[in-house]
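Welcome, and thank you for stopping by to look at this model. Let us walk through it together, one part at a time.

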Amino acid sequence: MLGIILGVSSLVATLALTAGIEQGSRVFMAQMGGLELVRIVDQEISNENLEFWNLSPGRTLQDAVAIRQSANLISHVSPELQEGLPVSSGTETMRIRVTGAWPDYMGVASNELAAGRFLSDLDGELANRAVVIGHTIAVRMWPNLPADQVVGKTLFLKEVPFEVIGVFIEYMRESERRDAQRNATKPETPVKGRRSGGNWDPFRGKNQAVVIPFSTMFYEFKSGKFPEDSVDTVRLNDFNVRIGDLNSFALALDQVRRVMNQTHRGVDDFGFDTREEWFDNMERNIRGTRISGGLIALISLLVGGIGITNIMLASITERVREIGIRRAVGAKARDIFLQILIESISIALMGGILGVLCGFGLIDLLNRLAPSDNEPFVTIGAVLLSVTFAAVAGIVSGIYPAIQASRLDPIQALRYE
Amino acid sequence: MKASRFSLTTPGPLIPADVSLVFLKDVTKVYYIGDQEIRALNGISLSIEQGEFVSIIGPSGSGKSTLMHLLGCLDTPSAGHMEICGHDITTANSDQLSDIRNREIGFVFQSFNLLPQLNVLENVEVPMIYTGASASARRSRSEELVERVGLQDRRLNRPTQLSGGQCQRVAIARALVNDPKIVFGDEPTGNLDSATGQLILEMFRELHEAGRTVVLVTHDPKIAAVTHRVIEINDGQIERQYDPRKTAT
């Protein structure tokens, strides 16, 4: 029974931990833009095209317009211009990379606003001096204000005044969110801004975003650079598209490739940076963890099953007389077999239920001792699976003792003292 | 004749009147201990009719326990022909024997053989479990029988909390729960003091008066004297049969 409890609880805990990791990485994937996000990158031209390199204008706004008009499988197109600029609120100043973008910037990488609004088409049309900033920037620029109350303030980009029209939410990993929650209950150690740990922070870029309209970026900070002296011919610094439906992933990429073959005059100076491989790796790791944890749990279930077999065999020797009496008053061998089997299943199920409870305790304990990056959570499926395994262990381990018991000769069993 | 507590609830025998309830012809039972052959029963021929009150008597080692096991369908003969309540025992398989034990035979043992983890009512119910009766039917039947043996006050007690005589009354109630045609008592008074033994014996007599066939196995001539037919066994054979009421000395 102890073995069953251990087995089931470790199975529940393992499943909960991996479910937590899985959940965490799914949230992470979604926040990073998910599989649908495809980056269009510059690429070395192949040898056959080398002589025509100057025929291609490179990644320009024309590509973006053409893709938006012709590639119907693409839901969002986000051409981006970037420029490192001094950013100041009047009191605080820092140098930061500013992005000029279309309103599609919002949807292409699943961004969310904490306050205000995002850039509109009109902002682009009028080249408004409007800016949407990330959480870190808001906190750095106005240390005394909550991040969601900086809307309406003026931010100077290279001494040009911009109105803050929106603030992004604070992106954080599952582990940081839990840290924050834990610290929130302890007011004496408030967390200000981002934790500056040595860890790689995948959301640093997103939290330090400073986004202005594409046109504003060009006219204020990029124009006058020959030969990219038109908004249509300026070279993009970053170029992302979002696939509308993952089922037509390859088809959508094909559309983009055809469109860009036109705009680039057949020069293959571009490529696609998809995240399939990265996400595949992540999935594979999760699966690996789950399998190894499950194996450990199954081994302890096996040990628990052997324990039950032993208990049942011992209880049969204690109960030979009972079996004899039952046989004498009319129990068939089958009845005895079933009785022992049901008893062993009951023990296993009881162990299973206790194991599930212990599993919850184990998860709590692990959480306290070694908080993992992801909140573990127990799914109903995991509980059902564990209890089912316990029941199977009960059946398997009960069969042998049950056969032994049903084979007892009633006369011998009655005489047994 | 005074009204008995144990009147039959099923009227009349279900087997033809001309067929014996117990019928043995040249029955032999041989055991092997290692290479040694032990002839426990050696050519027993016997018949017991519906409604008889019979005792089987003999010294230890005479084969009376073996005979008891055969009559109680706990075992099958090595040779010969044997029928219980019209069922051919010689060819019956284990499941059929279980069914006969369950429905046709009630057993009362010397050492009571109650299940210690069950209370009085539950002990009485055990044979009914194997007939497939519903829990409510079992409970009402066991309540009825526990009352008839006069233990309604102790019906929720465990066997360990009962005296020997009370235990034997529970065992009698259990033996009757499926309304068997024959009740066997294997030294039913052997573990009791003589006064309690008399009470239990009286119960068996009442069972007989109520029309049930009763067979007692004993080594005590005083108990045998209460019955209407004594079968003396020695060395695996029937030595003699007599009616103790007629040959009273």
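Two strands count as paired here if DSSP finds at least two bridges between them. Please keep in mind along the way that this is a predicted model.

With that definition in hand, let us begin in chain B. An open sheet in this chain has 6 strands, with mixed pairing and the order S6-S7-S8-S3-S9-S10. Which strands stand at its edges? They are strand S6 (105-108) and strand S10 (237-242) of chain B; each has a single partner strand, so one side of each is left without a neighbour in the sheet. From one strand to the next, the twist averages 20 degrees. At one end of the order, strand S9 (residues 229-234) of chain B pairs with S10(B) in the antiparallel sense, over 5 bridges. Within that pair you can find B:Ile231 opposite B:Gln241 of S10(B).

Chain B also holds an open sheet of 4 strands, in the order S2-S1-S4-S5 and with antiparallel pairing. Strand S2 (36-48) and strand S5 (87-88) of chain B are at the edges of this sheet, and since each has a single partner strand, one side of each is left without a neighbour there. Further in, strand S1 (residues 22-33) and strand S4 (residues 79-84) of chain B form an antiparallel pair over 5 bridges. Look there for B:Lys25, which stands opposite B:His81 in S4(B).

Stepping back to chain B as a whole, its secondary structure comes to 7 helices and 10 strands. The chain has 249 residues, and buried residues make up 43% of them. Among its contacts between residues at least 6 apart in sequence, 70% join residues at least 24 apart.

Now for chain A. Here the secondary structure comes to 14 helices and 10 strands. Of the 417 residues of this chain, 40% count as buried. For contacts in chain A with a separation of 6 or more, residues 24 or more positions apart account for 84%.

One residue shows what such a long-range contact looks like. A:Val8 lies in helix H1 (residues 2-31) of chain A. Is A:Val8 buried or exposed? A:Val8 is buried, because 32 other C-beta atoms lie within 10 Å, and 20 or more are enough for a residue to be called buried. Although A:Val8 and A:Val356 are 348 residues apart in sequence, they are 6.2 Å apart in space, C-alpha to C-alpha. Leaving aside neighbours within four places in sequence, the contacts of A:Val8 include A:Gly351, A:Gly352, A:Val356, A:Ser386 and A:Ala390.

A strand of chain A gives a view of two faces. In a regular strand the side chains alternate between the two faces of the sheet. Strand S6 (residues 154-157) of chain A has a covered face, made of A:Leu155 and A:Leu157, and an uncovered one, made of A:Thr154 and A:Phe156. S6(A) pairs in the antiparallel sense with strand S2 (residues 74-88) of chain A over 2 bridges, and A:Phe156 is the bridge partner of A:Ser88. S6(A) also has an antiparallel pairing with strand S7 (residues 160-168) of chain A, over 4 bridges. There A:Leu157 is opposite A:Val160 in S7(A). The hairpin of S6(A) and S7(A) has 2 residues between the strands, and A:Lys158 takes a positive phi near 50 degrees in it.

Next, the interior. In soluble globular proteins, nonpolar side chains tend to be buried together. The largest nonpolar core has 108 residues, and those that touch the most other members are A:Val12, B:Ile56, B:Ala171, B:Ala173, B:Phe184 and B:Val215. H1(A) gives the most to this core, with 12 residues. Beyond four places in sequence, B:Ala171 touches B:Val108, B:Phe109, B:Phe112, B:Asn113 and B:Leu114. A second, separate core has 55 residues, including A:Val77, A:Leu81, A:Phe168 and A:Leu236.

Finally, how many residues does each chain bring to the contact between them? Chain A brings 13 residues and chain B brings 16 residues. On the side of chain A, the elements that give two or more residues are helix H11 (320-328), helix H12 (333-369) and helix H14 (410-415). H11(A) gives the most to that side, with 4 residues. The residues on that side of chain A divide into 8 nonpolar, 1 polar and 4 charged.

Methods:
Residues are numbered from 1 along each chain as its sequence is written. Chains are lettered from A and ligands numbered from 1 in the order in which they are written. This is a predicted model: local features need pLDDT of at least 70, side-chain atom pairs count only at pLDDT 80 or more; totals for chains, interfaces and linings use all residues. Two residues are in contact if their C-beta atoms, placed from the backbone, lie within 7 Å. Ala, Val, Leu, Ile, Met, Phe, Trp, Tyr, Cys and Pro count as nonpolar, Asp, Glu, Lys and Arg as charged, and the others, Gly among them, as polar. A residue is buried if 20 or more other C-beta atoms lie within 10 Å of its own, exposed if 12 or fewer, and partly exposed in between; C-beta atoms are placed from the backbone. Axes are lines fitted to C-alpha atoms, for helices over the stretch in contact, and angles run from 0 to 180 degrees between N-to-C directions. A nonpolar core is a set of buried Ala, Val, Leu, Ile, Met, Phe, Trp, Tyr and Cys residues joined through C-beta atoms within 7 Å.
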